[in-house]
Amino acid sequence: MLEEFGHASILVLGSGTSVGVPMVGCRCKVCTSADPRDKRLRPSVLLRLGDARVLIDTTPDFRYQALRFGIERIDAILYTHSHADHILGLDDVRPFNFMQKRDIPIYGSSESLTVIERTFEYVFDHAPSESSRPRLSLHCFESEPIHLAGIDFEPIRAFHGKGTVYGFRFGDCAYLTDHSEIPPESRERLTGLDVLFLDALRHNPHPTHSTVEESLTTVASLKPQRAYFTHISHDLLHATVEARLPPDVHLAYDGLEIPIGANAAV
Ligand SMILES: [Zn+2]
Ligand SMILES: [Zn+2]
Ligand SMILES: [Zn+2]
């Protein structure tokens, strides 16, 4: 599985909630913190699997994330769900179309793809255009594994308030953002993990997001080797919260790269 890749890692492109941190106009202690780990772009990760690059979600910050982290190619994009903070950067994949000279496959639930097609109507209307548009191929998933970049991605369904979100398990790693509840059948597929990403918006309960305390309970029951919390609001000061977490549980931060597979133990 992951061991077969010469180099494999998860790069955190953004660890923030939908408005980002700092939030525009806010002068709270997190939004004004000098700690770079308190500067959070919208939530996304890039998986480096040997030479392949798989992006999870295209945030409104995607262009800046691609520049900041020197993303050199995109082989596929997986969508967790269709909220604005997870899809609005899609137009900025055009330079990757120019460089790679081919369509980029995007994978989403039928619900997500419907919203993406509606939101980016100009991309999919097949009308002649004088401007460049993203070149994409759409692939709908349900529960069956998605095989790409030499590995299976297993969609893991969870609740996001009244909505649905998908996490992805690949090898012994899983990324699950924007959830309020993980149903039992999905929990069964999140055991034996090395790395688990979970949503942890803040301390106070929220109807569509998991809190730090709720995600700690999830970690205690699923027992991954390492857990990382993401989709973080301006309620959490990195240094303070990180110091109180158990040793193998961490707040993610933008730019964090986690070696996985054969690199994990190095
Ligand atoms: Zn979100
Ligand atoms: Zn603030
Ligand atoms: Zn969401």
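## Zinc sites in a predicted chain

The zinc ion (ligand 2) is held by the protein donors Cys26 (SG), Cys28 (SG), Cys31 (SG) and His234 (ND1), which lie 2.1 to 2.4 Å from it. Donors here are N, O and S atoms within 2.8 Å of the metal (3.2 Å for Na, K and Ca), and since water is not among the atoms, sites may look incomplete. Please keep in mind that this is a predicted model, in which local features need pLDDT of at least 70 and side-chain atom pairs count only at pLDDT 80 or more, while totals for chains, interfaces and linings use all residues. Residues are numbered from 1 along each chain as its sequence is written, chains are lettered from A and ligands numbered from 1 in the order in which they are written, and side-chain values use heavy atoms, leaving out hydrogens and water.

Around the zinc ion (ligand 2), the arrangement is tetrahedral because the four donor atoms subtend angles of 105 to 113 degrees. Four donors count as tetrahedral if all angles lie between 85 and 135 degrees; four count as square planar and six as octahedral if opposite donors are over 155 degrees apart and all others between 65 and 115; anything else is irregular. For reference, the ideal angle for four tetrahedral donors is 109.5 degrees.

Here are the two sites together:

| Site | Protein donors | Donor spacing | Angles |
|---|---|---|---|
| zinc ion (ligand 2) | Cys26, Cys28, Cys31, His234 | C-x1-C-x2-C-x202-H | 105 to 113 degrees |
| zinc ion (ligand 3) | His81, His83, His160, Asp178 | H-x1-H-x76-H-x17-D | 92 to 170 degrees |

The donors of the zinc ion (ligand 2) follow the spacing C-x1-C-x2-C-x202-H. Cysteine 26 sits in the loop between strand E1 (8-14) and strand E2 (44-49), and histidine 234 in the loop between strand E12 (226-230) and helix H8 (238-244), so the pair ties together parts 208 residues apart in sequence. Helices (H or I, at least four residues) and strands (E, at least two) are DSSP runs, numbered from the N terminus. Cysteine 26 counts as buried at 18% relative accessibility, whereas histidine 234, at 22%, is partly exposed. Buried means under 20% relative accessible area, exposed over 50%, and partly exposed in between (1.4 Å probe, protein chains only).

The site of the zinc ion (ligand 3) is irregular. Its protein donors lie 2.1 to 2.4 Å from the metal. Aspartate 178 bridges this ion and the zinc ion (ligand 1), the two lying 3.4 Å apart. Histidine 81 and histidine 160 are both buried.

Overall, the chain has eight helices and 14 strands, and 54% of its 266 residues count as buried.
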